[in-house]
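Subject: Structure handover

Hello,

Here is the structure I said I would pass on. My notes come after it.

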Amino acid sequence: MNLTHSYKENEIDWNFQGHGRLWNYNLQYLDFLRQTDIDVDTKLALLNDIYDKLWIGELSLEPYPASLRIMNVIRFLSVAGRDTNKKLEGQLAAEVNYLSKNLEYHILGNHLLENGFALLMGGHYFGEKKWIDKAEKLLYKQLEEQVLEDGAHFELSPMYHRIILFRVLEAIGYVLHNSKLRLFLEAKASLMLTWMVNMAFEDGKLPHFNDSTEDIAFSYKELLTFAGNLGIQSKAGISLGQSGYRRLRSSGIDLIMDVNGIAPTYQPGHAHADTLSFVMYANGKPIIVDPGISTYNISKTRDWERSTNAHNTVEIDGESSSEVWGGFRIGRRPKVDILHDAHKKVIGRHNGYKKIKGVMVERSIKCMVSGIEISDKIIGNVKQRGQAVAHLHFDPSCKVLGLHKKNTFKLNDECDLEIGGDVDVRLELYGYCLGYNKVVESKRLKITLKNQECKMTFHNRIKAAGENPIFN
């Protein structure tokens, strides 16, 4: 979490909320059990302390941190030895029993899946058939719903996708060979691996769409290794589709576009107001990025990181295309129509501003011989049109140099950006998220559309010889 707090020996306050609820949750997850620089006796002392606090009610049980804690403790005891501490094992069994009766059906999404995987692991660890049966029933239903046809986890966060993919892979490792559940999990893992591969850039990084940041989930390369060790491979012939992402490649430029609205509609806690946003690499280097997230604390920072203003799309009068509020809530949200969906061109239109501003936003992205062209158009009653602004957020490593020709920029030594139309273009600063509570200064372009239209053309300076545009 990139925030520290010091305790005196044997005086850990497991309820400490000074850095927010997510920091406290991470304290309770007990990920330190995987650290090799902490000896077993110290780990056991800390485990006994937190479980004693849970046992007497000094620390409240909650299903989500309980789920992650259960899995970490089982992993630890499986290595340290089951006879290490009988009292602790009894308390762990009581926690699994609590979880079995407090599954998070009121939250659903990744929370309920974490409950299911923890209950399954606990059932196998203790040989408790009723827990195994309950977990299997839950996982069959939820994975069938939450893994989309193109393999994406339905909350459409690359970070949570990788977290859930690891859970599936781990479960494959301890369920019976050739069992119905194992075959089911293998099929889901292969599909999820496919989506991850289809969304990854050349350097193994995944875009930070929705609630995503670094150093939380296992990396792309680590998950490929885990899957390979289990004999799980990605599927050929499956493209990005139902998840609402489209990928266009042309002349060394690699772009992923979001043509979705808000999903899932009944649990949008990790969704952002980023409809028709995109990210882009040129010759294997990040150029246009999603700023990502640095906090879950309800705050102006959280509001901004979820807002349209924080994404590479069009904003009207400073309003977001989806009404993000309360940290994990969304009210008004857009309907998206895909007007053109072909190998070299995608056109999307959304009505996120129709009710409040009387306009629609349309974006076209097409491949060209020398790069990629993006066209934006505001459609609606002229009298009701507000100020339309498009933002382009550059990766901190990207060098942005204004050229002599008006509204033309050199981006690294990779490509030129030419912005056409009656527009006002300004270069300004923003905060790019390297992780939770870890932000660095970077640059972005603010493009004001004076006549409700603009065109952004990325020309590659290092054209890949003989390369043809590819669409996924």
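The notes below cover one helix and the internal cavities.

Please keep in mind that this is a predicted model.

Helix α2

Helix α2 covers residues 40-56, and at 1.5 Å a residue its 17 residues should span 24 Å; the C-alpha atoms at its two ends are 24 Å apart, so the expected and computed values agree. At the start of α2, Asp39 places a side-chain oxygen within 3.1 Å of the backbone nitrogen of Asp41. Just after the helix comes Gly57, with a positive phi of about 85°.

Buried positions in α2 are Lys43, Leu44, Leu47, Asp49, Ile50, Tyr51, Lys53 and Leu54. These buried residues pack against three helices: α1 (21-29), α3 (63-80) and α4 (86-100).

Cavities

Searching the whole structure gives two cavities of 30 Å³ or more.

- The largest has a volume of about 60 Å³. Its lining is made up of Met1, Leu3, His19, Leu22, Trp23, Ser294, Thr295, Tyr296, Asn297, Tyr436 and Asn437. Six of the lining residues of this largest cavity are nonpolar and five are polar, with no charged residue.
- The second largest has a volume of about 50 Å³. It is lined by Leu156, Asn210, Tyr245, Asp258, Asn260, Gly261, Ile262, Ala263, Ala271, His272 and Asp274. By class, the lining of this second largest cavity holds five nonpolar, four polar and two charged residues.

Regards

Key:
Residues numbered from 1 in each chain as written. Predicted model: local features only at pLDDT ≥ 70, side-chain atom pairs only at ≥ 80, totals over all residues. Heavy atoms only, no water. Helix = DSSP H or I, 4+ residues; strand = E, 2+ residues; numbered from the N terminus. Expected span 1.5 Å × (residues − 1). Buried < 20%, exposed > 50% of the residue type's maximum accessible area, 1.4 Å probe, protein only. Contact = heavy atoms within 4.5 Å. Polar contact = N/O pair within 3.5 Å; in protein donor to acceptor, adjacent residues only side chain to side chain. 1 Å grid on protein atoms, 1.4 Å probe; cavity = no way out; pocket = protein on both sides within 12 Å on 5 of 7 lines; lining within 4 Å. Points joined across faces, edges and corners; volume = space filled by probe spheres on them. Nonpolar A, V, L, I, M, F, W, Y, C, P; charged D, E, K, R; others polar.
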